[in-house]
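User: I've got a model open and I'd like to talk through its helices, cores and charged pairs. Can you take me through it step by step?

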Amino acid sequence: MASRGTTETSKLKQNLEEQLDRLMQQLQDLEECREELDADEYEETKKETLEQLSEFNDSLKKIMSGDMTLVDELSGMQLAIQAAISQAFKTPEVIRMFAKKQPRQLRTRLAEMDRDLMVGKLARDLYTQQKVEILTALRKLGEKLTGDDEMFLSANAGTALSQFERVSTDLGSGDKVFALASVEVEKAKQ
């Protein structure tokens, strides 16, 4: 009996997720090794990774424009790539969990960060940046935030995250995702 593309769609989705994971891991490794690299080497490697993300984004556009059955599943990946390219999210781990729609893991990471902050293992500015990213990702995934979390987000969200939040809220169709991603890719290239 014919799979009517189900098997192929599943395999394509798996391959795309693996490629996205690889690129996000590359960004995360780069951030972790930042101290060991000189500034030029770091910037060049980051630029190359962002270019690869851009190419991946272009591939997603082509796939999404030709196969509407994949649009919903790929839209999450598209937003995650857009967030990475626009640098609204600076933490690859958060981008990965957002792309994979893993709110539980995001909440676990938030709890770990709270603990690390209390024991002095995490600097306040890094904590604030990552907490804002996680809360924004949770909100975009449709999760309810506490009043305290909403206040924290309002007080600390930067312009890149606010722009990502505002624009991604307006996204209803794949065309809007494509348009936004294209603009962000062009900005990242400049």
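Analyst: Sure. One definition to start with: a salt bridge here is a side-chain nitrogen of Lys or Arg within 4 Å of a carboxyl oxygen of Asp or Glu. Keep in mind that this is a predicted model.

User: How far apart are the closest N and O atoms of glutamate 112 and arginine 109?

Analyst: Both residues sit in helix α5, three residues apart, which is about one turn of the helix. The cut-off for a salt bridge is 4 Å, and this pair forms one. The closest N and O atoms of glutamate 112 and arginine 109 are apart by 3.7 Å.

User: Is arginine 109 buried or exposed?

Analyst: Its partner glutamate 112 counts as partly exposed, because its relative accessibility is 29%. For arginine 109 the relative accessibility is 16%, and the limit for buried is under 20%. So arginine 109 counts as buried.

User: What distance, N to O, goes with the salt bridge of aspartate 116 and arginine 115?

Analyst: Aspartate 116 is buried, at a relative accessible area of 11%. Arginine 115, at 46% relative accessibility, counts as partly exposed. Their side chains meet in a salt bridge with an N to O distance of 3.1 Å.

User: Which residues of α5 are buried, and why do they line one face of the helix?

Analyst: Helix α5 covers residues 103–118 and reaches 23 Å from its first C-alpha to its last, close to the expected 22 Å. Looking down the axis of α5, the buried residues fall within an arc of 125°, so they line one face. The face turned away from that side carries the exposed residues Arg104 and Met118. The buried ones are Leu106, Arg109, Leu110, Met113, Asp116 and Leu117.

User: Which glycine follows α5, and what is its phi near?

Analyst: The residue to look at is glycine 120, which follows α5. Its phi is positive, near 80°.

User: Which helix gives the most to the largest nonpolar core?

Analyst: That core has 17 residues, and Leu106, Met113, Tyr127, Ile134, Leu135 and Leu138 are those with the most contacts inside it. The helices α4, α5, α6 and α7 each supply at least two residues. With six residues, the one that gives the most to this core is α6.

User: What is leucine 135 in contact with, leaving aside its neighbours within four places in sequence?

Analyst: Leucine 135 is among the core residues with the most contacts inside the core. Leaving aside neighbours within four places in sequence, its contacts are Leu110, Leu145, Asp149, Phe152 and Leu153.

User: Which residues of α7 are exposed on the other side of the helix?

Analyst: In α7, Asp149, Phe152 and Leu153 are buried. Those buried residues fall within an arc of 100° seen down the axis, so they line one face of α7. What covers them includes α6. On the other side, the exposed residues are Asp148, Met151, Ser154 and Ala155.

User: Which residue forms a salt bridge with arginine 139?

Analyst: The closest N and O atoms of this pair are 2.3 Å apart. It links helix α6 to helix α7, with its residues 11 apart in the chain. Arginine 139 counts as partly exposed at 28% relative accessibility, and its partner counts as partly exposed at 29%. That partner is glutamate 150.

User: How many salt bridges does a search of the whole structure find?

Analyst: Among the charged residues, Glu31, Arg34 and Lys46 are linked in a network of salt bridges. For the whole structure, the search finds six.

Key:
Residues are numbered from 1 along each chain as its sequence is written. This is a predicted model: local features need pLDDT of at least 70, side-chain atom pairs count only at pLDDT 80 or more; totals for chains, interfaces and linings use all residues. Side-chain values use heavy atoms; hydrogens and water are left out. Buried means under 20% relative accessible area, exposed over 50%, partly exposed in between (1.4 Å probe, protein chains only). Helices (H or I, at least four residues) and strands (E, at least two) are DSSP runs, numbered from the N terminus. The arc is that of the directions from the helix axis to the C-beta atoms. Contact means heavy atoms within 4.5 Å. The expected span of a helix is 1.5 Å times one less than its number of residues. A nonpolar core is a set of buried Ala, Val, Leu, Ile, Met, Phe, Trp, Tyr and Cys residues joined through side-chain atoms within 4.5 Å.
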